[in-house]
Amino acid sequence: MRRFKLVKPDQAQGRTKELYEDIMNTWGKQRLVPVFGFWGRDPDVLASAWIPCKKFEHGQSKAPPEILVGACLVGAMSVGCQRCIVFHATDLTDRLGVDQARADLLANYQASYKDGKINEAEYIALRYADCLCQGTPFNPDEWDLLCQHYDDDQIFEIAVVSLIEGMYAKYGQVMAPYDESLDWPDEYRPSGAYATIMSK
């Protein structure tokens, strides 16, 4: 089967190479994952996919970083992209220092909220992210609740990272079996667990 060619790190040139270096400097070498090899075919597209992640997940966000990365994890789960799930779970634990028990509570936000293990503000932000990634309605009473806990700038940040995650996860779910993910160099993979689901 012919696989879709990705722009591997040692093949990148010009602005794509500069953006790859920015990703590695910001997020670490092990997070320059195969999806960037897809975006890397066009540096303008790569920049559009990367810069919002850098700005809100790694910059001075107004929404809590744990909520923004948690929104990405919930979004990946709602789409069903296994490699995105592993990526964001390790981002919570490895980069943000969230312990595994807390990461599991965020990932299972509906049950966690029902059991009183996460608060209302956390629940409604993750519910909003889930709806955005699935394209399902967010009810008026839920919207009112979201607005009680977050201002428009924070809601904007949660929406942006959620919508971008939905795009990343849908790519992974559909394209991973057909691209060169399995040939992506080992040093650019976030974990052994990620390597086992590279094409799933």
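Here are some notes on the salt bridges, one helix and the cysteines of this structure, which is a predicted model.

1. Start with the charged pairs. Side chains of opposite charge can pair when their charged atoms come close. In this model there are 11 salt bridges, and a few are worth a look in your viewer.

2. Take Arg-15 and Asp-44: their closest N and O atoms sit 2.8 Å apart, and the two form a salt bridge. Arg-15 belongs to helix 1 (residues 14-27) and Asp-44 to helix 3 (residues 43-57), so this pair ties together parts that are 29 residues apart in sequence. Arg-15 has 38% relative accessibility, so it counts as partly exposed.

3. Helix 1 and helix 3 also appear in the salt bridge of Lys-54 with Asp-22, where the closest N and O atoms are 3.0 Å apart. Here Lys-54 is on helix 3 and Asp-22 on helix 1, so parts 32 residues apart in sequence get tied together. What about exposure? Lys-54 is partly exposed at 31% relative accessibility, and Asp-22 is partly exposed too, with a relative accessible area of 22%.

4. Next, look at Lys-62 and Asp-153, a salt bridge with its closest N and O atoms 2.9 Å apart. Lys-62 lies in the loop between helix 3 and helix 4 (65-79), while Asp-153 lies in helix 10 (residues 152-175), so the pair ties together parts that are 91 residues apart in sequence. Asp-153 comes out as partly exposed, at 39% relative accessibility. Elsewhere, Arg-31, Asp-91 and Arg-95 are joined into one network by salt bridges that share partners.

5. While you're at helix 10, check its start: a side-chain oxygen of Asp-151 reaches to within 3.1 Å of the backbone nitrogen of Asp-153. The helix length holds up as well. With 24 residues at 1.5 Å a residue, helix 10 should span 34 Å, and its end C-alpha atoms are indeed 34 Å apart.

6. How many disulfides are there? The count comes to zero, with a cut-off of 2.5 Å between cysteine sulfur atoms. Cys-84 is in no disulfide, and its nearest cysteine sulfur, that of Cys-81, is 3.2 Å away. With 10% relative accessibility, Cys-84 counts as buried.

7. Last one: why is Cys-133 not bonded to Cys-72? The closest cysteine sulfur to that of Cys-133 is in Cys-72, and at 7.8 Å it is too far for a bond. Cys-133 counts as buried, at 3% relative accessibility.

Definitions and conventions
Residues are numbered from 1 along each chain as its sequence is written. This is a predicted model: local features need pLDDT of at least 70, side-chain atom pairs count only at pLDDT 80 or more; totals for chains, interfaces and linings use all residues. Side-chain values use heavy atoms; hydrogens and water are left out. A salt bridge is a side-chain nitrogen of Lys or Arg within 4 Å of a carboxyl oxygen of Asp or Glu. Helices (H or I, at least four residues) and strands (E, at least two) are DSSP runs, numbered from the N terminus. Buried means under 20% relative accessible area, exposed over 50%, partly exposed in between (1.4 Å probe, protein chains only). The expected span of a helix is 1.5 Å times one less than its number of residues. A polar contact is a pair of N or O atoms within 3.5 Å; within protein, one must be able to donate a hydrogen and the other to accept it, and residues adjacent in sequence count only if both atoms are side-chain atoms.
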